[in-house]
Amino acid sequence: MPLLELKNLTVGYTGAPILQGIDLSLNAGEIVTLVGANGAGKSTLVKAISGLLQPYSGEVLLDGRKINALSPAKRLREGIAHVPEGRQIFAGLTVAENLDLGAYGDRSDAEARAQRVAHVCELFPVLGTRLGEVAGNFSGGQQQLLAIARGLMSKPRLLLLDEPSLGVAPLLVAEIFRLIVRLRDEGITILLAEQNARQALAIADRGYVVENGLITLEGPARTLLDSPEIAERYLGVGTAAEVSCTESARMAERLRACIW
Amino acid sequence: MIEFLQICVGGLVVGSIYALIALGFSLIYRVTGAVSLAQGGFSVLGALIGYTLSQTYGWPLFLAIPVAVLATVAIGAGLGAISFVPALERLSNANVLMLTVGLLTAIEGLCLVVWGSQPYALPPFSGESPARIGPLLVPTQAFWVVAAAAAVIAGLWVLITRTRLGRALRACAENPTAASLMGIGVKRMTLLSFGLATLIAAIAGVVVAPTTTLQFDTGRLLTISGFIAVVIGGITSFPGAVAGGLLLGLTTQLATAYVSTLFSNAIALLILLFVLVWRPNGLIQAKVAGRADVREGGRVHGHVARLQPNVAWIAVTVALAVALAVPLLVTSNGIMSGITIAMILFITLIGLDVLMGYTGQVSLGQAGFMAIGGYTSGYLTIVHDVAPVLSILAGMALSLGCALVLSMVTLRLRGLYLALATLAFGLLVDSFAVGFVDITGGPSGMVGIPSFSVGGYEFASPRAMYYLVLGINVVLLASFFGAMNSGFGRALRAIRTDQTAAAALGINIVRYKLVAFAISALLASLSGSLYAFFFNFLSPDMVGTNRSLELVSMLVIGGEGTLVGPLFGSLLITLLPTVFQPFALYKTLLSGGLLVVCFLYLPQGLYGALAERLARLSLGRPARAGGAELIRSTPR
């Protein structure tokens, strides 16, 4: 049985639906990537899973159990953590306070939480040295790390990462992606919504392509990486570019012929 | 020296109360990003409940006081849950502020209905005889006040900085979306902060009650003082709120003692305006500024339903015919006067609508310009025998001058601070009206203002005055309808919707705001003069801050951004107490309640609802853009 399943899900923001008839499944221990252009509906899909949006119709199943009606807080307790797009850290609070809020729903004692902080700081050494600093003064990349770390504080089974590479320096992006693999190896299932399709598919097990509110393609990440449609539309290479090149080359050829 | 120390002790006591109220403001602001002006109302409510329990039912004070505080918190939390919390999701912060004006008015109205308008005082908690510290005589209640303030400050500090709950409250302030992802119930936290602020306000109310007398509308003064204190100190900082409160308390007490009783408020207000210009974020500022989601922008309007041209002409003709026939149909002089007053106020409202409804600039001091116009006209006609028309023009010129000076402050401000600066202006005019006894007649008012007259014809009766004002209104409406549908009106609405985008389009924001502000000041001044001529009398409370807030209620209840809409609000609020005498007692409660309800459920006011109905009738299908839609754009 998959860890999480979406069945014929239709969802939107109080107006016309943004996503229609979405079927998607996540198996435990996978990295699954959502690939799609800006505005395709990736973030909407992630929000529907974390409970920020209520579906118009269809089902969200966790361990085969319907969780449509659960609030974000309850889903968090069930093990779904959402690291939102644009980081959304608490800028005026310190790193330590941000991390502690990540475990807000956790009723365990302060010591267990301190251990959790220690573990997260091991994954993110840069945060460990700056626990007392105000988070808003960090660079974009460090804020992204903090956002992921904060998401991990609730000991999630499923981590939803929405555009973690957005506005992050390329070197740090590579580090974030390595970290995602490491988290998977620790047993966390990961759903990664990314515009940066090549890097995301490179570390993923499977992928879904979202276009205009529909899932248009799905399959193993390797296959998607190699498929011509993906290469053309999301990887910036492929036949279309070549075609136009040969086209213009031919035009140039004809032009030359005319002149001479 | 002893006298000085004695005054400082008084200042400390008053300052502690201001600091408590200011803390409540700061708490709600830090959690929600919005301001609730209902604070002072809860203080008075708490004190009055305490009075009833201890004096009427004879409960001992140690029982009556805590029960009164808890009862107030329960009422406050209930009111917050049905008004403030849902409003936060739907309204811009400036409109939430206005909604809480309605809440404050409703609470005052409630107190008026239950306790009447006489003043009350609680007995001091520990006896009447003052304590002697060296040469100083200190009333024992002063210790209670200062101790209560210290306890609340310490408690709040521990809660906010040392507990997980406090951390969650701050998280909501920083970023509500992320907070809900962390599993924090943002609505619950909002309500909690509102309840806590109510608790603080109620404590302030019961400890201050023995040192002074409280009546149903004292809350307004407390709210205003607390608001001023929190802005002087810096709303994002608790130490700032406390410092602002103490500073304000000491300043007003010292000014009262050494300068003049009548001008102590004016001095405090001048300090405030100075702070607003010099350090608009207050004396003590937060380390990291800015919330992720500050909603300074105006409420996103669905379009007010537009009538088909032919229907519109019929409506205009019918309306004019009715307006002309009113004096013939209405036989009661009282009602006729009421209608005339509503029409006079409508002149101010047209200007206020241009300023608030179209340009999105909050003004809580519009009656200040009415006062300038009214007093100028009165003074010139009584003392210098100037012709009324000229005196009106003189008042308008003076108002324009004041508006230009004030705009040096207001043009730099938006939202909350703009609201405060205009409020301060209204209060300033108010305190000058009270203070310059020789010119204005002081608190008891200016008597013997002649009726309006032109070339020997005197508009003495309500009916004559009615036709005069009707004429003015028709001319104003016609010209502003034209202006608002021209490039000028579109530029104003662009500024309201998105100031930055408007600037990017090349709209000269400063100029348009200035013009809108000047228009509103001129019209308010004109209306103030006519008001004075109509009553043959003018007193500070006729054109004070209460009037300013009432004008805003009229505007919102009638319908912002519609020009004609405010007339409905004006008629309703002015006539209800006249037509139904028993309603007089309920007027305050009703207008406050109506304001809250309109903000929440009738965003286009009575006129908007009516226009939609008419448009639907004339088209036989729903009006364009679905009328009462209330959408806050959601980021995708």
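pLDDT is the predictor's confidence in each residue, on a scale from 0 to 100. In this predicted model, local features need a pLDDT of at least 70 and side-chain atom pairs count only at 80 or more, while totals for chains, interfaces and linings use all residues. Residues are numbered from 1 along each chain as its sequence is written, and chains are lettered from A and ligands numbered from 1 in the order in which they are written.

Chain B averages a pLDDT of 85, and 92% of its residues score at least 70. The model as a whole comes with an ipTM of 0.78 and a pTM of 0.81. Helices (DSSP runs of H or I, at least four residues) and strands (runs of E, at least two) are numbered from the N terminus. Within chain B, confidence peaks in helix 14 (residues 366-383) at 95 and is lowest in helix 25 (residues 605-619), at a mean of 77. Two stretches call for some care. Over residues 287-303 of chain B, pLDDT stays under 50, and the model has 41 contacts there beyond four places in sequence; a contact means that the C-beta atoms of two residues, placed from the backbone, lie within 7 Å. Residues 621-636 of chain B also stay under 50, with 30 such contacts. Where pLDDT is low, the predicted coordinates should not be read in detail.

Now for the overall build of chain B. It has 25 helices and 6 strands, and its C-alpha atoms fill a box of roughly 75 × 65 × 50 Å along the principal axes. The radius of gyration, taken over C-alpha atoms, can be held against a globule rule of 2.2 Å times the number of residues to the power 0.38. For the 636 residues of chain B a compact globule would come out near 26 Å, and the 25 Å of chain B agrees with that. A residue counts as buried if 20 or more other C-beta atoms lie within 10 Å of its own, exposed if 12 or fewer do, and partly exposed in between, with C-beta atoms placed from the backbone. By that count, 53% of chain B is buried. Of the contacts in chain B between residues at least 6 apart in sequence, 79% join residues at least 24 apart.

The domain assignment, which is automatic or from a database, splits chain B into domain 1 (2-117 + 139-278) and domain 2 (308-632). Their centres, taken over C-alpha atoms, are 30 Å apart. Where they meet, 34 residues of domain 1 are in contact with 35 residues of domain 2. On the domain 1 side, helix 3 (61-90), helix 4 (93-115), helix 9 (218-233) and helix 11 (264-278) of chain B each supply at least two residues. Helix 4 of chain B gives the largest share, 16 residues. By class, this side of domain 1 has 25 nonpolar, 7 polar and 2 charged residues, where Ala, Val, Leu, Ile, Met, Phe, Trp, Tyr, Cys and Pro count as nonpolar, Asp, Glu, Lys and Arg as charged, and the others, Gly among them, as polar.

Helix 18 of chain B (residues 462-484) has 23 residues and reaches 31 Å from its first C-alpha to its last, close to the expected 33 Å; the expected span is 1.5 Å times one less than the number of residues. Its buried residues are Met465(B), Tyr466(B), Leu468(B), Val469(B), Asn473(B) and Phe480(B). Among the elements covering them are helix 12 (309-329), helix 13 (333-358) and helix 21 (509-535) of chain B.

Elsewhere in chain B, Ile49(B) sits in helix 2 (residues 39-56) and counts as buried because it has 25 C-beta neighbours inside 10 Å. Beyond four places in sequence, Ile49(B) is in contact with Ala68(B), Ala71(B) and Thr72(B).

In chain A, helix 6 (residues 140-152) has its end C-alpha atoms 19 Å apart, in agreement with the 18 Å its 13 residues should span. Of those 13 residues 12 are buried, so helix 6 of chain A is largely enclosed by the rest of the structure. Its buried residues pack against elements of chain A including helix 4 (110-123) and helix 7 (170-185).

Finally, a word on backbone angles. Most residues other than glycine have a negative phi. Asn8(A), in strand 1 (residues 4-12) of chain A, has a positive phi near 50 degrees, and Asn8(A) is exposed, with 12 other C-beta atoms within 10 Å. Asn536(B) also has a positive phi, of about 55 degrees. Asn536(B) lies in the loop between helix 21 and strand 6 (537-538) of chain B and counts as partly exposed, with 15 C-beta neighbours inside 10 Å.
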